[in-house]
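Dear colleague,

Please find below the structure that I am handing over to you. I would be grateful if you could read the notes beneath it with the model open beside you.

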Amino acid sequence: MASTRKIILKSSEGEVFEVDEVVAIKSQTIKHIIEDSCIDNGIPLPNVTSKILKMVIKYCKKHINASNPDDRPSEEDLKAWDVDFVKVDQATLCDLIMFFHFILRSIYGLFLFYHFGYWGLLGLGF
């Protein structure tokens, strides 16, 4: 069952993002902060820009919604969405990879798995 509790995330620029807890806990790091009740003033993410945080929230929401049996897109549609998601400039892609590696370890492997073919096209060697 989806949580309705809202969690405040703060980007490095101080921009505030209010997300459902179910989205926030995709990050084991953020999940531990929530479990430790250290969220009174929001959760600061000093190394994450607003641009990257918006993208990651969008990615997490898409994959959470994809797990809903009533709204589940086809596997092909989800893979196509994922491929489009990473069609960004190299600097943005590197920032996304760093975020998924350090903050969202729980889905880092999934992220790489879905994009493995795309990484080869970029010559990144994953």
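The notes that follow go from the overall fold to the strands, the core and the aromatic residues.

Please bear in mind that this is a predicted model.

Overall fold

The chain contains six helices and three strands. Read from the N terminus, its elements follow the order β-β-α-α-β-α-α-α-α. The chain has 126 residues, and 38% of them count as buried. Among contacts with a separation of 6 or more, 60% are between residues 24 or more positions apart. The exposed area of the chain is about 7500 Å², with 54% of it supplied by carbon and sulfur atoms.

The strands

Strand β1 pairs with both of the other strands named here. With β2 the arrangement is antiparallel, and five bridges join the two; in this pairing Lys10 stands opposite Val16 of β2. Five residues lie between the strands of this hairpin, and Gly14 adopts a positive phi near 90° in it. With β3, which covers residues 43–44, β1 pairs in the parallel sense over two bridges. Here Leu9 has Ile43 of β3 as its bridge partner.

The side chains of β1 alternate between two faces. Ile7 and Leu9 point to one face and are buried, whereas Lys6, Ile8 and Lys10 point to the other and are not buried.

The nonpolar core

As background, nonpolar side chains tend to be buried together in soluble globular proteins. In this model the largest nonpolar core has 29 residues, and the members that touch the most others are Ile7, Leu9, Ile30, Ile43 and Leu53. At least two residues of this core come from each of β1 (6–10), β2 (16–20), α1 (21–24), α2 (28–35), α3 (50–66), α4 (75–85) and α5 (90–102). Helix α3 gives the most, namely eight residues.

Leu9 deserves a separate word. Leaving aside residues up to four places away in sequence, Leu9 touches Glu15, Val16, Phe17, Val19, Ile30, Ile43, Leu45 and Leu53. Its bridge partner Ile43 is thus found again in this list.

Helix α4 and the aromatic residues

Which residues of α4 are buried? They are Leu78, Trp81, Asp82 and Phe85. These residues lie on the same side of α4, because they cover an arc of only 100° around the axis. In general, an α-helix has 3.6 residues a turn, so residues three or four places apart point the same way.

A search of the whole structure yields three aromatic pairs. One of them is formed by Tyr59 and Trp81: the ring centres are 6.1 Å apart and the planes are at 40°, so the pair counts as tilted. Because Tyr59 belongs to helix α3 and Trp81 to helix α4, this pair ties together parts that are 22 residues apart in sequence. Tyr59 and Trp81 are both buried.

Trp81 also forms a stacked pair with Phe85, at 5.4 Å centre to centre and with 20° between the planes. Both of these residues lie in helix α4, four residues apart, which is about one turn of the helix. Phe85 is buried, as is Trp81. Taken together, Tyr59, Trp81 and Phe85 form one aromatic cluster.

With kind regards

Key:
Residues numbered from 1 in each chain as written. Predicted model: local features only at pLDDT ≥ 70, side-chain atom pairs only at ≥ 80, totals over all residues. Heavy atoms only, no water. Core = buried A, V, L, I, M, F, W, Y, C linked by side-chain atoms within 4.5 Å. Buried < 20%, exposed > 50% of the residue type's maximum accessible area, 1.4 Å probe, protein only. Contact = heavy atoms within 4.5 Å. Arc of directions from axis to C-beta. Areas by Shrake-Rupley, 256 points an atom, 1.4 Å probe, with all protein chains shown as cover. Phe/Tyr/Trp six-rings, centres within 6.5 Å; stacked < 30°, edge-to-face > 60°. Pairing = 2+ DSSP bridges.
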